[in-house]
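I opened this notebook to keep track of what I looked up, one topic at a time, with the values set down as they came out.

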Amino acid sequence: MDTNQALFQYCLRLGDTNLILGHRLAEMCSRAPFLEEDVALTNFALDHTGQAEALLQYAGQLEGKGRTEDDLAYLRPEWEYRNMLLVEQPNTDFAYVIVRQWMLDTYQCLLYDQLRQSKDAVLAGMATRFLKEAIYHYRHSSSWVERLGQGTDESQRRIRQALDDLWKFTPEMFAADTSEIALAALGIVPESADLLPQWTVNMARVCDKAGLQMPSGDHASAGIKSGRHTEHLGHLLAEMQYLQRAYPGAKW
Amino acid sequence: MELQEKLDAFQQYIDAEEKIEPKDWMPDEYRRHCIRQISQHAHSEVIGMQPEGNWITRAPTLRAKKILLAKIQDEGGHGLYLYSAAETLGISRDEMIRQLHEGKAKYSSVFNYPTLNWADIGAIGWLVDGAAVTNQLSLRRTSYGPYSRAMLRICNEESFHQRQGYEIMTKMANGTPEQRRMAQDALDRWWWPALMMFGPHDNNSPRTYNGIVWKIKRAGNDELRQRFIDKTVPQAEFLGLKIPDPQLQWNEATGHYETGEINWDEFHRVISGDGPCNRQRMEHHKRVHEEGAWVREAAEAFARRRKAENLTEAIA
């Protein structure tokens, strides 16, 4: 596989995951349990959207067909999105928002840390910048897991529910596709499977503090590799792409 | 000291342009006036997140989405400073929110109008933030110290909001015929509500008098409204958009624009709860507040437990 093509695919994966999570967090605007948290979630939405912008812009350059970050974000059909299924799951309640965030933050901290060593200078530069944001997000989400786990009976019940429901989306984080395998061989990206042991340790540590049982069991999860999504993404894209689709060619 | 002496000394202090600080003596009416005005201002920032949030998931580019997110985040932050400023007067945020939900505290009526197309996001920045900043610039010199300091911070950010709004309007006004139509439609709907933001004419405004004497307010409603009109009309002309006021004209002699009369029936109707979105905005705020109760309770329970544990450790 051509390296540029592989890196294009890889940046789409990372970019789309940030794009869709940023969108889900943006939906929380004016809907958080209190004002400080509203500001924090909007801030995370902004960080993820910014990461998506940088990654998709780079993806567009690598592809070499003149597509901009907005073309990629707004004008692809559903099956071309390469985000993790985890991040397209809806904001069922605050516990889901937090667990989804915490699972991904734990992952992104490890991934970006490794990507700083990438032989691709652009990717390494982005990872250095993104890591700072990811660590900040992780502190916030993991401390909420602890608070909700050790809070009231209701918060405990809700966070358990969210954890059990979202757990099935985690194997996808550690599954490699052909582009990742090609890039890992060249020292451009880490193998995501290698992140699993440390991810498990970090997750278990927070679960322990929160008094939560870490779910077990592996689930086959398609998603990224096949381009098959859950029912939720179509609705999200219909809303997100609305203006670009309704008024083709308009400049915003 | 007799009450009258205290009042006189208070007035002299204010007349000397000194700031009143939380621990200073102040007349009860001054305290009430500040609480009413600052909490109304805080609630306005927070409720204002709704009409703009209505477009955040439909923002047409990543850049536009980032700017709108940053702007709404700023507004939440303004709400936070302002709630804190009001708390220095001895009212809790919970109490302010309760008063809002019971309809005892108000927020700016302008947020009871809907956002119907993307240009509304431009129009809110340009007109609504433009009107707000006109008022807030004068409030930097308000006599209550914490409010004045909050205004200094807020004004810097509001002028960025106004610029981003005007940038959206510029793109829309110079865009496709549909975009141009959206821009004019947005101006048609937001112009009058923006003028209403300055409140009734000064001769009809019961609270202006005390507010001015105590230098809580630093300029009258009509003066501020005129400042806004004079600044904004040429901006609309530059965009090639038409202000929806057939009586609008330039008065060479006074050096000001003259406008038609504001529809005060509509103004009072919206203030008293009968605007297009009053119920929707309040129901949204109440519902979110109720749905978040379990999270706040969990955080409090956790904090109590932590405190107890630390205490046990300290004793052991």
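The entries below go through the interface, the salt bridges, the cavities and a few single residues.

**Entry 1: the interface**

I began by noting that the model is predicted, and then turned to the two chains and what passes between them. The contact list pairs 47 residues of chain A with 44 residues of chain B. The size of an interface is often given as the accessible area lost when the parts come together. For chain A and chain B I found that about 4,100 Å² is buried between them, with 69% of this on carbon and sulfur atoms. I then asked which residues in chain A lose the most area to chain B. They are Leu35(A), Leu46(A) and Trp252(A), which together make up 17% of what that side buries.

Charged pairs across the interface were next on my list, and the rule finds 3 salt bridges between chain A and chain B. I also looked up the salt bridge that Arg306(B) forms with Glu146(A), where the closest N and O atoms are 2.8 Å apart.

**Entry 2: salt bridges within the chains**

Over all chains I have a count of 30 salt bridges. The pair I wanted to see in context was Glu180(A) and Arg13(A), whose closest N and O atoms are 3.4 Å apart. Glu180(A) belongs to helix H8 (residues 178-185) of chain A and Arg13(A) to helix H1 (residues 3-26) of chain A, so the salt bridge ties together parts that are 167 residues apart in sequence. I checked whether these two are buried or exposed, and both Glu180(A) and Arg13(A) turned out to be buried.

Two other pairs sit within a single helix. In chain A, Arg157(A) forms a salt bridge with Glu154(A), with 4.0 Å between the closest N and O atoms. These two are 3 residues apart in helix H7 (residues 153-166) of chain A, which means that about one helical turn separates them. Glu154(A) has a relative accessible area of 29%, and is therefore partly exposed.

In chain B, the side chains of Arg287(B) and Glu291(B) meet in a salt bridge at 3.9 Å, N to O. Both residues lie in helix H12 (residues 278-291) of chain B, 4 residues apart, which is about one turn of the helix. Arg287(B) counts as partly exposed because its relative accessibility is 40%. Returning to chain A, I noted that salt bridges with shared partners join Asp93(A), Glu154(A), Arg157(A) and Arg158(A) into one network.

**Entry 3: cavities**

How many cavities of 30 Å³ or more does the rule give? I recorded 2 cavities of that volume or above, and the largest cavity has a volume of about 120 Å³. Its lining consists of 13 residues, and those nearest the centre of the largest cavity are Leu14(A), Thr17(A), Met84(A), Tyr107(A) and Leu111(A). The elements giving two or more residues to this lining are H1 and helix H5 (94-115) of chain A, and H5(A) provides the largest share, 5 residues. By class, the lining of the largest cavity divides into 8 nonpolar, 3 polar and 2 charged residues.

**Entry 4: backbone angles in chain B**

Most residues other than glycine have a negative phi. I therefore wrote down two residues of chain B with a positive value, citing Glu17(B) at near 65 degrees and Lys215(B) at about 60 degrees, neither being a glycine. Glu17(B) lies in the loop between helix H1 (3-15) and helix H2 (28-47) of chain B, and counts as partly exposed at 40% relative accessibility. Lys215(B) has its place in the loop between helix H9 (208-213) and helix H10 (221-239) of chain B, and counts as buried at 18% relative accessibility.

**Entry 5: two more residues of chain B**

Ile20(B) is also found in the loop between H1 and H2 of chain B, where it counts as buried because its relative accessibility is 1%. Apart from neighbours within four places in sequence, the contacts of Ile20(B) include Phe10(B), Tyr13(B), Tyr30(B) and Pro146(B). For distance along the chain, I looked up Ile20(B) and Gly175(B), which are 155 residues apart and have their C-alpha atoms separated by 50 Å.

Finally, I placed His268(B) in helix H11 (residues 264-274) of chain B, and found this residue partly exposed, with a relative accessible area of 47%. The C-alpha atoms of His268(B) and Ile243(B) are separated by 23 Å, the two residues being 25 apart along the chain.

Notes: Residues are numbered from 1 along each chain as its sequence is written. Chains are lettered from A and ligands numbered from 1 in the order in which they are written. This is a predicted model: local features need pLDDT of at least 70, side-chain atom pairs count only at pLDDT 80 or more; totals for chains, interfaces and linings use all residues. Side-chain values use heavy atoms; hydrogens and water are left out. Buried means under 20% relative accessible area, exposed over 50%, partly exposed in between (1.4 Å probe, protein chains only). On a 1 Å grid over the protein atoms alone, a cavity is a set of points where a 1.4 Å probe fits but cannot get out, and a pocket is an open set with protein on both sides within 12 Å along at least five of seven lines; lining residues have an atom within 4 Å of a point. Grid points are joined across faces, edges and corners, and a volume is the space filled by probe spheres set on the points. Ala, Val, Leu, Ile, Met, Phe, Trp, Tyr, Cys and Pro count as nonpolar, Asp, Glu, Lys and Arg as charged, and the others, Gly among them, as polar. Contact means heavy atoms within 4.5 Å. Buried area is the accessible area (1.4 Å probe) that two parts lose on being put together, summed over both.
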